[in-house]
Amino acid sequence: MRHRLLVPGAAALSLLLAIPASAADFTPGAPGVGDTYYPESGNGGYDVSHYDLRLKYQPKTDLLEGTATLLAKTTQDLSRFNLDFGLKVSEIRINGKKATFATSGKHELEVTPATPLEKGKQISVVVRYAGKPSELKIDGYSAWARTPDGGVVAQEPDSAVWWFPSNDHPTDKATYDISVAVPDGTQALSNGVLASQSSKLGWTRYNWRSDKPQATYLTTLAVGKFDITTDTTANGLPVINAVSPDLGANEGSARASIERTTEVTEWLESVFGPYPFNAVGGYVPNVPARYALETQTRPFYGKKAFDRGTNVSVVVHELAHQWYGDSVSLKDWKDIWVNEGFAAYSQWLWSEKEGEGTAQELADYVYAQHPADDPFWTVKPGNPGAENQFDGAVYDRGALALQALRNKVGDKVFFGLLKSWPTENKYGNASVADFVKFAEKKSGKPLADFFDTWLFQPSKPAAGAVKRTLGAPHAPVAQPKSWKQIAATHDVHGH
Ligand SMILES: [Zn+2]
């Protein structure tokens with residue numbers, strides 16, 4: 001809003017002479033953004049535009065030391081505000097001046113500036129801290145995983161509080177510079193591109209940059225020893241893949257899966273439109289986890305995701321999230337379908353392209369697998385509840401809803417929607433209701449009742465809504481070839 005200073009004459013004068021709000025008008029920012037499932041997540045009163053994290057991590061002791069600089073803009077007159085963070089803080093400065101702070105709740109840090117902050121101002125917040133993230137337990141749990149040679153943080157819906165102070169909700173996205181010093185011979189991986197790397201006195205510092213809006217839970221860090229491959233796509237996008245050399249029997253299958261990243265990204269561009277970020281890739285650390293996560297530009301894959309061999313389908317899922325979930329993020333965690341329904345459906349489309357079962361065959365299979373009294377149908381993908389947020393039904397029924405939509409509006413409109421949604425909502429946030437309105441506008445059809453049936457009713461939609469393409473109406477539906485790999489992605493999330 002700098003141009004306002006150029007307003008001539010009386011207007012400028014009145015701005016300059018504006019009477020400051022009285023102290024009574026300055027109030028604390030809310031301790032949460034009011035998320036339906038996670039009311040304490042995020043905070044009110046400000047909007048972060050950039051995080052600069054300067055960290056040092058010692059794998060031997062799990063000690064993480066850091067200085068975080070947050071650039072933000074106030075959205076109300078603030079007497080104080082909260083950050084979400086769990087490690088021990090030694091100092092906080094706001095606009096260079098020392099602030100006081102106190103902890104409250106599960107992960108709240110209440111920060112009081114030396115002087116109240118006026119609405120609409122740019123502020124800088126510097127937080128110095130140190131701690132052992134694996135020892136920080138919230139509800140008995142740590143999102144930080146130690147490995148034999150380092151540590152990894154990649155979790156949903158919360159991971160930031162274990163390693164940097166933030167406004168921890170997907171509605172407040174920001175750009176990131178993440179600089180991490182680790183002992184020589186160890187690597188530090190994060191989001192985006194590796195801007196530079198240098199060694200000094202036994203420590204190597206890696207400087208990562210993610211220059212497009214990124215949600216806190218999509219921000220990742222992995223310290224350890226990795227075999228790293230780098231390349232560029234045909235379009236010049238940097239590709240960085242990393243695999244721990246200690247995956248045992250899974251090393252080959254892990255590598256064979258994530259080395260398909262460039263090819264999968266190119267194919268996804270043909271379905272969803274231009275890739276939205278400055279780099280792509282993936283990493284497989286030595287973490288005994290079965291899940292994967294769509295951490296921005298660099299998805300995380302747990303070692304056990306490859307227990308049954310190569311799985312390109314999970315790579316398709318996590319890369320599809322770069323458009324659906326990362327570039328276009330949910331508004332509230334209840335909107336999880338705008339992430340998972342589409343990522344799951346992208347696996348069906350990949351199966352169709354690979355000749356391992358069409359999306360229609362997969363839809364028929366899912367529909368037939370679950371009789372009307374199966375609890376599967378009680379999970380509502382449009383608002384599953386926090387306890388069912390990552391239930392298999394959110395994925396399978398969520399993708400089924402999209403196949404039903406494809407049948408209802410036809411391929412031309414449907415594939416137009418798949419491309420225009422991430423283009424028109426790029427770097428923003430959207431809800432399930434927003435998608436319903438969007439689909440109605442683009443198709444010219446009333447779809448509220450249709451989506452209510454497929455996403456919001458705790459019951460099996462009537463037969464006939466999904467048309468069968470193969471077999472007699474009552475013949476058993478054959479399991480598509482791709483099914484086992486797709487089903488293996490169901491435990492992608494969750495602890
Ligand atoms: Zn997913």
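Begin by selecting helix 8 and helix 9, where V413, G416, L417, S420 and W421 of helix 8 meet F435, F438, A439, K442 and S443 of helix 9. The model on screen is a predicted one, and the tour moves from this helix pair to the whole chain, then to the sheets and to two single residues. Helix 8 covers residues 411-424 and helix 9 covers residues 432-443, and the two pack at an angle of about 130° with their axes 10 Å apart. That angle makes helix 8 oblique to helix 9, and the crossing in which helix 8 passes helix 9 is right-handed.

Next, select residues 261-272 and 312-320, which are helix 3 and helix 4; their axes come within 10 Å and cross at roughly 55°. On the helix 3 side the contact is made by T261, V264, T265 and L268, and on the helix 4 side by V312, V315, V316, L319 and A320. Helix 3 and helix 4 are therefore oblique to each other, and their crossing, too, is right-handed.

**The whole chain**

Now zoom out and colour by secondary structure, which should bring up eleven helices and 23 strands in the chain. The radius of gyration is 24 Å, close to the 23 Å that the globule rule gives for 495 residues, so the chain is as compact as a globular protein of that length. Along its principal axes, the C-alpha trace spans about 75 × 60 × 45 Å. Of the 495 residues, 47% count as buried, and among contacts between residues at least 6 apart in sequence, 68% join residues at least 24 apart.

**The eight-stranded sheet**

Turn to the open sheet of eight strands, whose order is 6-5-9-3-2-12-15-14 and whose pairing is mixed. At its edges stand strand 6 (97-98) and strand 14 (193-200), each with a single partner strand, so one side of each is left without a neighbour in the sheet.

Select strand 12 (residues 174-183) together with strand 15 (residues 203-214), and nine bridges will be found joining these two strands, which run antiparallel. To look at one of the pairings, centre on V182, whose bridge partner in strand 15 is T204.

From strand 15, step outward to strand 14, which runs antiparallel to strand 15 and is joined to it by seven bridges. Here Q197 stands opposite Y206 of strand 15. What is found at L201, in the hairpin of strand 14 and strand 15? With two residues between the strands of this hairpin, L201 takes a positive phi near 50°. How many of the eight residues of strand 14 are buried? The number is zero, so strand 14 lies largely in the open.

**A buried residue in strand 3**

Remaining with the same sheet order, in which strand 3 stands between strand 9 and strand 2, select L70, which lies in strand 3 (residues 63-74). L70 is buried, having 23 other C-beta atoms within 10 Å. Once its neighbours within four places in sequence are left aside, L70 is in contact with V48, Y51 and V125. For a sense of scale, draw a distance from L70 to V314, which is 244 residues away along the chain; their C-alpha atoms are separated by 34 Å.

**The four-stranded sheet**

Another open sheet has four strands in the order 1-4-8-7, again with mixed pairing. Strand 1 (27-28) and strand 7 (100-104) stand at its edges, each with a single partner strand, so one side of each is left without a neighbour in the sheet. Select strand 1 with strand 4 (residues 78-84), and the two will be seen to pair in the parallel sense over two bridges; at one of the pairings, the bridge partner of T27 in strand 4 is L78.

**A loop residue to finish**

Last, select K225, in the loop between strand 16 (221-224) and strand 17 (227-232). Is K225 buried or partly exposed? With 19 C-beta neighbours inside 10 Å, K225 counts as partly exposed, since a residue is buried only if 20 or more other C-beta atoms lie within that distance. Not counting residues up to four places away in sequence, K225 touches D149, T186, Q187, S244 and P245. A final distance can be drawn from K225 to K419, which are 194 residues apart in sequence and 38 Å apart in space, C-alpha to C-alpha.

Note on methods:
Residues numbered from 1 in each chain as written. Predicted model: local features only at pLDDT ≥ 70, side-chain atom pairs only at ≥ 80, totals over all residues. Pairing = 2+ DSSP bridges. Rg over C-alpha atoms; globule rule 2.2 N^0.38 Å. Buried ≥ 20, exposed ≤ 12 C-beta atoms within 10 Å, placed from the backbone. Contact = placed C-beta atoms within 7 Å. Axes fitted to C-alpha atoms, helices over the stretch in contact; angles between N-to-C directions. Parallel < 35°, antiparallel > 145°, perpendicular 65-115°, else oblique. Left-handed = near helix turned anticlockwise from the far one by under 90°.
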